[in-house]
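With the model open in a viewer, please follow the selections below in order, reading each description before moving to the next one.

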Amino acid sequence: MPPHRRALLFVDNSGADIVLGMLPLARELLRRGTEVVLVANSLPALNDVTAMELPDIFFNLIREKWSYLSLVLNLGHHIYF
């Protein structure tokens with residue numbers, strides 16, 4: 001089955017949910033050649049991650065834990081915020 005062309009992942013929960021749920025899903029989609037768009041609210045409701053916080057969480061995670069995700073991004077796969 002060919003990969004999906006693009007996936008929009010709406011991340012609207014706390015940082016833990018993003019790190020343990022949505023970013024692993026994004027990593028798997030990227031591995032399969034799918035373009036990934038991470039979408040978040042501009043303002044939080046309770047403990048939600050906002051669109052302004054999302055890039056920092058993502059790039060800190062790449063630096064600290066996920067060298068594989070950095071590798072697939074360097075191979076020309078795309079992730080957007």
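A residue is called exposed when its relative accessible area is over 50%, and buried when that area is under 20%. Select L46 to begin, bearing in mind that this is a predicted model. L46 is found in the loop between strand 2 and helix 2, and it counts as exposed because its relative accessibility is 87%. Its phi is near 65°, a positive value in a residue that is not glycine.

Stay in that loop and select T50, which lies between strand 2 (35-39) and helix 2 (54-64). Is T50 buried or exposed? Its relative accessibility is 8%, and therefore T50 counts as buried. Adding A40, N41, S42, L43 and P44 to the selection shows the residues that T50 contacts once its neighbours within four places in sequence are left aside.

Now zoom out to the whole chain, which has 3 helices and 3 strands, arranged from the N terminus in the order β-α-β-α-α-β. Of the 81 residues in the chain, 32% are buried. Among contacts with a separation of 6 or more, 65% join residues that are 24 or more positions apart. If you display the surface, about 5300 Å² is exposed, with carbon and sulfur atoms supplying 58% of it.

Next, select residues 15-31, which form helix 1. Its 17 residues should span 24 Å at 1.5 Å a residue, and its end C-alpha atoms are 22 Å apart, so the two values agree. Centre the view on M22, where helix 1 bends by about 35°, and then include P24, a proline that follows within four residues. Just beyond the helix comes G33, with a positive phi near 90°.

Colour I18, M22, L23, A26, L29 and L30 next, since these are the buried residues of helix 1. An α-helix has 3.6 residues a turn, so residues three or four places apart point the same way.

The last stop is the largest nonpolar core, which has 17 residues, and in which L9, V11, I18, L23, V36, L38 and L54 touch the most other members. Strand 1 (6-10), helix 1, strand 2 and helix 2 are the elements that each give two or more residues to this core, and helix 1 provides the largest share, 6 residues. Finish on L9, which, not counting residues up to four places away in sequence, touches M22, L25, A26, L29, V36, V37, L38 and V39.

Definitions and conventions
Residues are numbered from 1 along each chain as its sequence is written. This is a predicted model: local features need pLDDT of at least 70, side-chain atom pairs count only at pLDDT 80 or more; totals for chains, interfaces and linings use all residues. Side-chain values use heavy atoms; hydrogens and water are left out. Buried means under 20% relative accessible area, exposed over 50%, partly exposed in between (1.4 Å probe, protein chains only). Contact means heavy atoms within 4.5 Å. Accessible areas come from the Shrake-Rupley method with a 1.4 Å probe; for residues, only the protein chains shown count as cover. The expected span of a helix is 1.5 Å times one less than its number of residues. The bend at a residue is the angle between axes fitted to the seven residues ending there and the seven starting there. A nonpolar core is a set of buried Ala, Val, Leu, Ile, Met, Phe, Trp, Tyr and Cys residues joined through side-chain atoms within 4.5 Å.
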